[in-house]
Amino acid sequence: MSFHQLAVTRLGYLLNEQLPESLMALSEAEFVVTELPLTVRVPDVLISATELVKTNPARYAAQDVRLVIEVLSEGTVRTDRVTKFSEYAEVGIEHYWIVDLDDPASMVTYRLVDGEYENFGEHTGKVNLDFDGTPLTLDLDALTTRHAQRP
């Protein structure tokens with residue numbers, strides 16, 4: 001469990017170091033998937049507009065979430081890969097990334113195309129990604145080590 005928390009903290013930090021000032025990564029922020037019945041999710045990391053984050057909302061609306069990252073843990077694999085996968089697609093979250101910390105650490109990146117997620121890549125090691133025109137570098141192996149390399 002500690003590796004999960006460390007990875008989530010590190011991911012948020014590394015993303016914020018690389019995102020443009022107009023976007024911000026948040027760890028464990030709530031967002032509303034549906035109003036009726038009320039369904040709230042707390043993804044490991046989400047990215048939203050900095051302007052909105054500065055208003056300090058109690059919860060984010062699904063349309064305000066640009067990217068969700070879930071880090072798998074023993075009790076969340078099915079929820080992250082099945083339930084959240086379909087929920088996030090239904091509400092139009094364009095980017096969904098799933099990190100698996102099992103050795104070797106890996107990440108699958110999905111992008112919403114015509115209402116369904118398409119696999120845009122399976123990654124291990126040091127990953128260079130493009131998030132809506134912003135280059136991002138993540139060292140997946142360093143997510144659970146004490147001294148991660150900065151991009």
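## Buried tyrosines and their ring contacts

Y88 and Y96 are both buried, a statement that, like everything below, rests on a predicted model. For Y88 the relative accessibility is 0%, and because buried means under 20% relative accessible area, Y88 falls within that class. The ring centres of Y88 and Y96 lie 5.0 Å apart with their planes at 85 degrees, and since planes over 60 degrees apart count as edge-to-face, this pair is assigned to that class.

F31 is likewise buried, with a relative accessibility of 0%. The aromatic count for the model comes to 8 pairs, and one of them joins F31 to Y88 in a tilted arrangement, with 5.5 Å from centre to centre and 45 degrees between the planes. This pair links distant parts of the chain, given that F31 sits in strand β2 (residues 31-34) and Y88 in helix α3, 57 residues apart. One aromatic cluster is formed by F31, F85, Y88, Y96, Y110 and Y117.

## The six-stranded sheet

An open sheet of 6 strands follows the order β1-β4-β6-β7-β8-β9, and its pairing is mixed. Its edges are formed by β1 (23-27) and β9 (116-124), each of which pairs on one side only. Neighbouring strands of the sheet are turned against each other by 20 degrees on average, with direction ignored.

Within this sheet, strand β4 (residues 45-49) and strand β6 (residues 67-71) run antiparallel and are joined by 3 bridges; on the β6 side, L67 is the bridge partner of I47. Helix α3 (residues 77-90) packs on the sheet, where it touches β6, β7 (95-100), β8 (106-113) and β9, and the direction of the helix makes about 165 degrees with that of β7.

## The chain as a whole

The secondary structure of the protein chain comes to 3 helices and 11 strands, and, read from the N terminus, the elements run α-β-β-β-β-α-β-β-α-β-β-β-β-β. The radius of gyration is 15 Å, close to the 15 Å that the globule rule gives for 151 residues, so the chain is as compact as a globular protein of that length. Along its principal axes, the C-alpha trace spans about 45 × 35 × 30 Å.

Of the 151 residues in the protein chain, 46% are buried. Among contacts with a separation of 6 or more, 50% are made by residues 24 or more positions apart. The chain exposes about 8,300 Å², of which carbon and sulfur atoms supply 47%.

Conventions: Residues are numbered from 1 along each chain as its sequence is written. This is a predicted model: local features need pLDDT of at least 70, side-chain atom pairs count only at pLDDT 80 or more; totals for chains, interfaces and linings use all residues. Side-chain values use heavy atoms; hydrogens and water are left out. Two strands pair if DSSP finds at least two bridges between them. Helices (H or I, at least four residues) and strands (E, at least two) are DSSP runs, numbered from the N terminus. Axes are lines fitted to C-alpha atoms, for helices over the stretch in contact, and angles run from 0 to 180 degrees between N-to-C directions. Contact means heavy atoms within 4.5 Å. Rings of Phe, Tyr and Trp (its six-membered ring) pair if their centres lie within 6.5 Å; planes under 30 degrees apart count as stacked, over 60 as edge-to-face and the rest as tilted. Buried means under 20% relative accessible area, exposed over 50%, partly exposed in between (1.4 Å probe, protein chains only). The radius of gyration is taken over C-alpha atoms; the globule rule is 2.2 Å times the number of residues to the power 0.38. Accessible areas come from the Shrake-Rupley method with a 1.4 Å probe; for residues, only the protein chains shown count as cover.
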